[in-house]
Every structure is written in structure tokens, then in C-alpha cells.
Amino acid sequence: MEKYEVGDLVRLKKKHPCGSSDWEILRVGADFRLKCTGCGHQIMVERKYVEKNTKQIQKGLQ
């Protein structure tokens, strides 16, 4: 199981309408707050959705 942390970039299977499929994790818990790296739009999604649809994780700067 992957360890998700605030600041990580995740690539999801489905693209955002702006064309980007990369998201920055802003909050981790039962729900994730994600920010689109293309347009800056923020969404809240269930942890299960993120875990199921993640193609790649790029660890943030720590």
C-alpha cells in the first residue's frame, strides 16, 4: 500500500477538464483535498477513489 503525504504529486487515470492529470495533495485523511496542477482547481475526494485511480506518485520536497 502506498503512503500518501501532503505535498506529493499524484497522476490519476482520468484527466481534469483543463487537460491535466496531475494533482497536488493538500490534505490527507478519510478524504483527500487535491489541487489540479494545471488550473489550480481544488476538490475533495474519498481516499478509496485516490487509491484506486492513482497511476503514479511523485514525492514532494521534504
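**Exercise 1. The strand pairings**

β2 and β3 pair in the antiparallel sense over 4 bridges. In this predicted model, work out the order of the strands in the sheet and find its edges.

*Solution.*
Step 1. Start with the pair already named. A hairpin of 3 residues joins β2 to β3, and within this pairing Arg 27 has Arg 33 of β3 as its bridge partner.

Step 2. Move to the other side of β2. Strand β1 (residues 9–12) is joined to β2 (residues 22–27) by 3 bridges, and the two run antiparallel. Val 10 is bridged to Trp 23 of β2.

Step 3. Move to the other side of β3. Here β4 pairs with β3 through 5 bridges, again in the antiparallel sense; the partner of Phe 32 in β4 is Val 45. The hairpin of β3 and β4 has 5 residues between the strands, and Gly 40 in it takes a positive phi near 90 degrees.

Step 4. Assemble the sheet. Its 5 strands form an open sheet in the order β4-β3-β2-β1-β5, with antiparallel pairing. The edge strands are β4 (42–46) and β5 (54–58), each of which pairs on one side only. From one strand to the next the twist averages 35 degrees.

**Exercise 2. The two faces of β3**

Sort the residues of β3 into a covered face and an uncovered face.

*Solution.*
Step 1. In a regular strand the side chains alternate between the two faces of the sheet.

Step 2. In β3, the covered face holds Phe 32, Leu 34 and Cys 36. The uncovered face holds Asp 31, Arg 33 and Lys 35.

Step 3. Compare with the core. The largest nonpolar core has 10 residues: Tyr 4, Val 10, Leu 12, Trp 23, Ile 25, Phe 32, Leu 34, Cys 36, Val 45 and Val 50. β1, β2 and β3 are the elements that give two or more residues to this core, and the largest share, 3 residues, comes from β3.

**Exercise 3. The aromatic pair**

Locate the 1 aromatic pair of the structure and describe its geometry and surroundings.

*Solution.*
Step 1. The pair consists of Tyr 4 and Phe 32, with 5.3 Å centre to centre and 80 degrees between the planes. Angles over 60 degrees count as edge-to-face, so this pair is edge-to-face.

Step 2. Place the partners in the chain. Tyr 4 lies in the segment before β1 and Phe 32 in strand β3 (residues 31–36), so the pair links distant parts of the chain, 28 residues apart.

Step 3. Check burial, for which the cut-off is under 20% relative accessible area. Tyr 4 is buried because its value is 9%, and Phe 32 is buried because its value is 0%.

Step 4. List the surroundings of Tyr 4. Beyond four places in sequence, Tyr 4 touches Val 10, Ile 25, Val 28, Phe 32, Arg 47, Val 50, Glu 51, Thr 54 and Ile 57.

**Exercise 4. The setting of Ile 25**

State whether Ile 25 is buried or exposed, and name its contacts.

*Solution.*
Step 1. Ile 25 belongs to strand β2. With a relative accessible area of 0%, Ile 25 is buried.

Step 2. Setting aside neighbours within four places in sequence, Ile 25 is in contact with Tyr 4, Glu 5, Val 6, Gly 7, Asp 8, Val 10, Phe 32, Arg 33 and Leu 34. Both members of the aromatic pair, Tyr 4 and Phe 32, are in this list.

Step 3. Lys 52 is 27 residues from Ile 25 in sequence, and the C-alpha to C-alpha separation of the two is 15 Å.

How values were computed:
Residues numbered from 1 in each chain as written. Predicted model: local features only at pLDDT ≥ 70, side-chain atom pairs only at ≥ 80, totals over all residues. Heavy atoms only, no water. Pairing = 2+ DSSP bridges. Axes fitted to C-alpha atoms, helices over the stretch in contact; angles between N-to-C directions. Phe/Tyr/Trp six-rings, centres within 6.5 Å; stacked < 30°, edge-to-face > 60°. Buried < 20%, exposed > 50% of the residue type's maximum accessible area, 1.4 Å probe, protein only. Core = buried A, V, L, I, M, F, W, Y, C linked by side-chain atoms within 4.5 Å. Contact = heavy atoms within 4.5 Å.
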